[in-house]
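Here's a quick tour of one model, for anyone who likes to have the picture open while reading. Take a look, then go through the notes below.

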Amino acid sequence: MATLVGMPRMRLKFTSFHPFLGQPNRGPRTISLFNKARTFSVSASSSPQDQVRVRFAPSPTGNLHVGGARTALFNYLFARSNGGKFVLRIEDTDLERSTKESEEAVLQDLSWLGLDWDEGPGVDGDYGPYRQSERNSLYKQYSEKLLESGYVYRCFCTNEELEKMKEIAKLKQLPPVYTGKWTSATDKEVQEELEKGTPYTYRFRVPKEGSLKINDLIRGEVSWNLDTLGDFVIMRSNGQPVYNFCVTVDDATMAISHVIRAEEHLPNTLRQALIYKALGFPMPYFAHVSLILAPDRSKLSKRHGATSVGQFREMGYLPQAMVNYLALLGWGDGTDNEFFTLDQLVEKFSIGRVNKSGAIFDNTKLRWMNGQHLQALPSEELKKCVGEQWKSTGILTESEGSFVEDAFELLKDGIYLVPEADKGLSDLLSYPLHATLTSPETKPLLEDNLSEFSANLVAAYDSGEILAALEEGHAGWKNWVKSFGKSLKRKGKSLFMPLRVLLTGKFHGPDMGASVLLLHKAAKDGVVTPQTEFVLLDERFNKLRQVDWEALTKDQPLLETASTG
């Protein structure tokens with residue numbers, strides 16, 4: 001519900017039934033305005049059978065921000081969950097900043113997210129055209145209608161005069177409202193300026209007293225005093241319409257029933273409501289979505305890292321993960337469930353469950369969410385993606401085969417983004433033995449006769465028993481490790497930790513047996529590219545033979561001091 005209340009000399013009033021919460025239900029609205037000279041009375045109504053129509057209206061002046069993407073998503077979900085239409089409108093009246101490249105990028109990002117529009121660029125409908133730059137004749141038509149009816153007037157003030165008004169208002173600590181003479185100029189004064197060819201704008205007459213109240217579907221009741229606004233421009237002196245006028249005309253003539261947009265547009269509602277009433281258009285319902293915030297609770301911006309949908313796509317995020325995560329920024333279904341497909345979101349979404357508080361954008365949570373959706377993919381599909389990644393980045397010479405299958409099975413649980421699979425495989429193929437042996441973490445192993453353990457391991461390799469065990473696969477490797485442990489009277493951590501460090505060069509990683517078997521297979525199959533820093537088993541044992549264990553033992557106290565200093 002929205003109400004405009006003024007004083008006796010000029011009153012503007014609007015009433016409606018309860019706002020839409022489930023099925024479409026917009027009731028009759030009545031508008032009346034009383035002025036010294038004339039009385040206007042316009043009424044409009046809509047029935048419960050009216051179709052829900054929402055719109056997403058981006059400006060093609062840059063990339064699609066995640067905040068804009070979430071707004072588009074909420075509009076899409078609201079339309080789909082209520083059997084309505086999702087309209088895409090391009091607000092390209094900023095001729096200097098709008099580019100065709102940006103428009104194409106926005107369309108691409110929306111399509112990638114799966115947010116298909118029912119009307120808009122590339123999809124014909126009954127309410128086109130769908131670019132503001134192609135609707136100028138419509139804006140001209142309605143601005144002239146407002147001029148004829150007295151709701152707007154020509155203002156011939158120069159920029160210097162307007163700036164002086166602002167300065168005076170600032171000195172008096174008053175709102176910067178228009179106080180020029182043209183609000184009450186005579187026809188003769190106007191005609192004289194027209195004959196001189198003086199540039200002019202169209203200004204909307206704002207009631208001097210009263211207030212506007214709206215019942216926002218997310219934020220509840222919101223109100224503004226009209227005396228803080230002042231007469232505002234709807235058409236510039238170059239004939240170009242101003243944003244608030246365009247939006248109102250577009251939403252009204254496109255039969256938009258619900259305006260779901262970012263909270264930064266909340267102040268615009270006052271100007272738009274006045275224009276709706278003056279033109280006799282039925283008011284839509286408004287829902288203003290909270291901002292997306294950075295972890296420090298400031299507005300999310302480029303200084304916080306990636307903020308556009310295109311950037312996240314290039315980083316390897318899945319569209320279904322982005323959609324899932326964006327939906328949870330300010331909305332939930334009332335349960336602890338956080339995993340949703342787009343179809344499930346359509347089924348569950350309700351505007352009444354959108355939170356009015358700001359939502360924190362958490363990259364760690366988004367990464368985790370992407371991992372959940374990766375694991376939900378059919379195994380063959382994910383394996384194909386990972387294999388193609390390894391080949392395209394030059395780690396492997398092939399994207400499929402037994403090595404890719406084994407490597408995928410070993411590493412898949414640690415993959416949250418497909419490009420991260422590169423690091424997992426590269427780490428596996430590398431052998432940072434020196435860095436590991438000279439780290440403070442190695443001290444307990446050195447004190448547990450790591451040098452003797454290494455000598456026995458090298459002897460086992462030289463005898464051929466390790467390679468023979470690897471040829472027998474997992475069972476052969478398991479039997480050899482058990483036998484080797486018995487010969488050294490070691491088991492558990494005292495056996496497996498030094499074995500892992502000496503064979504892989506690391507303290508941590510995926511299953512050691514599977515890792516060593518994969519290293520053996522990589523050498524046999526020749527699938528690793530020459531530029532990859534792959535250290536074969538032969539080279540690893542050569543490095544073990546060259547370790548100066550005595551020097552390492554002497555250096556450990558120094559390492560310990562350095563680590564605790």
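Which element gives the most to the lining of the second largest pocket? That's helix 4, with five residues. Keep in mind that this is a predicted model. The notes start at that pocket, move on to the largest one and the strand that helps line it, and then turn to the salt bridges.

**The second largest pocket**

- The second largest pocket has a volume of about 620 Å³. It is lined by 25 residues, and the closest to its centre are Leu162, Lys166, Thr201, Arg203 and Val233.
- Helix 4 (159–171) shares the job with strand 8 (201–204) and strand 11 (232–235), and each of them supplies at least two residues of the lining.
- Sorted by class, this lining has 13 nonpolar, six polar and six charged residues.

**Strand 8 and its neighbours**

- Strand 8 has two faces: Thr201 and Arg203 point one way, Tyr202 and Phe204 the other way, and all are buried.
- With strand 7 (residues 152–155), strand 8 runs antiparallel, and four bridges join the two. Here Tyr153 stands opposite Arg203.
- Strand 11 is joined to strand 8 by three bridges, and this pairing is antiparallel too. Phe204 stands opposite Phe232 of strand 11.

**The largest pocket**

- What volume does the largest pocket have? It comes to about 1,100 Å³.
- The largest pocket is lined by 38 residues, and Pro58, Ser59, His65, Gly68 and Glu264 are the closest to its centre.
- Strand 5, helix 1 (66–81) and strand 12 (258–262) are the elements that give two or more residues to this lining. Helix 1 gives the most, with five residues.
- By class, the lining of the largest pocket has 11 nonpolar, 18 polar and nine charged residues.

**Strand 5 and its surroundings**

- Strand 5 also has two faces: Arg53 and Arg55 point one way, Val54 and Phe56 the other way, and all are buried.
- Four bridges join strand 5 to strand 6 (residues 85–88), and the two run parallel. In this pairing, Val54 stands opposite Phe86.
- Put helix 1 together with strand 5 and strand 6, and you get a right-handed β-α-β unit.

**Salt bridges**

- How many salt bridges does the structure hold? The count is 29, and three of the pairs are worth a closer look here.
- Arg55 and Asp251 meet through their side chains in a salt bridge at 2.9 Å, N to O. Arg55 sits in strand 5 (residues 53–56) and Asp251 in helix 6 (residues 243–253), so this contact ties together parts that are 196 residues apart in sequence. Both residues of the pair are buried.
- Arg131 and Glu103 form another salt bridge between their side chains, at 2.7 Å, N to O. This pair links distant parts of the chain, with Arg131 in the loop between helix 2 (100–113) and helix 3 (136–149) and Glu103 in helix 2, 28 residues apart. Glu103 has a relative accessible area of 4%, so it counts as buried.
- The side chains of Arg545 and Asp462 also meet in a salt bridge, at 2.4 Å, N to O. Arg545 lies in helix 22 (residues 537–545) and Asp462 in helix 17 (residues 450–462), which puts the linked parts 83 residues apart. Is Arg545 buried or partly exposed? With 39% relative accessibility, Arg545 counts as partly exposed.
- Which residues do salt bridges with shared partners join into one network? They are Arg55, Arg89, Glu91, Arg135, Asp250 and Asp251.

**A spot in helix 8**

- Phe312 has its place in helix 8 (residues 309–314). Its relative accessible area is 0%, so Phe312 is buried.
- Phe312 and Met322 are 10 residues apart along the chain, and their C-alpha atoms are separated by 8.3 Å.

Definitions and conventions:
Residues are numbered from 1 along each chain as its sequence is written. This is a predicted model: local features need pLDDT of at least 70, side-chain atom pairs count only at pLDDT 80 or more; totals for chains, interfaces and linings use all residues. Side-chain values use heavy atoms; hydrogens and water are left out. A salt bridge is a side-chain nitrogen of Lys or Arg within 4 Å of a carboxyl oxygen of Asp or Glu. Buried means under 20% relative accessible area, exposed over 50%, partly exposed in between (1.4 Å probe, protein chains only). On a 1 Å grid over the protein atoms alone, a cavity is a set of points where a 1.4 Å probe fits but cannot get out, and a pocket is an open set with protein on both sides within 12 Å along at least five of seven lines; lining residues have an atom within 4 Å of a point. Grid points are joined across faces, edges and corners, and a volume is the space filled by probe spheres set on the points. Ala, Val, Leu, Ile, Met, Phe, Trp, Tyr, Cys and Pro count as nonpolar, Asp, Glu, Lys and Arg as charged, and the others, Gly among them, as polar. Two strands pair if DSSP finds at least two bridges between them. A crossover is right-handed if, with the strands pointing away from the viewer, the path from the first strand over the helix to the second runs clockwise.
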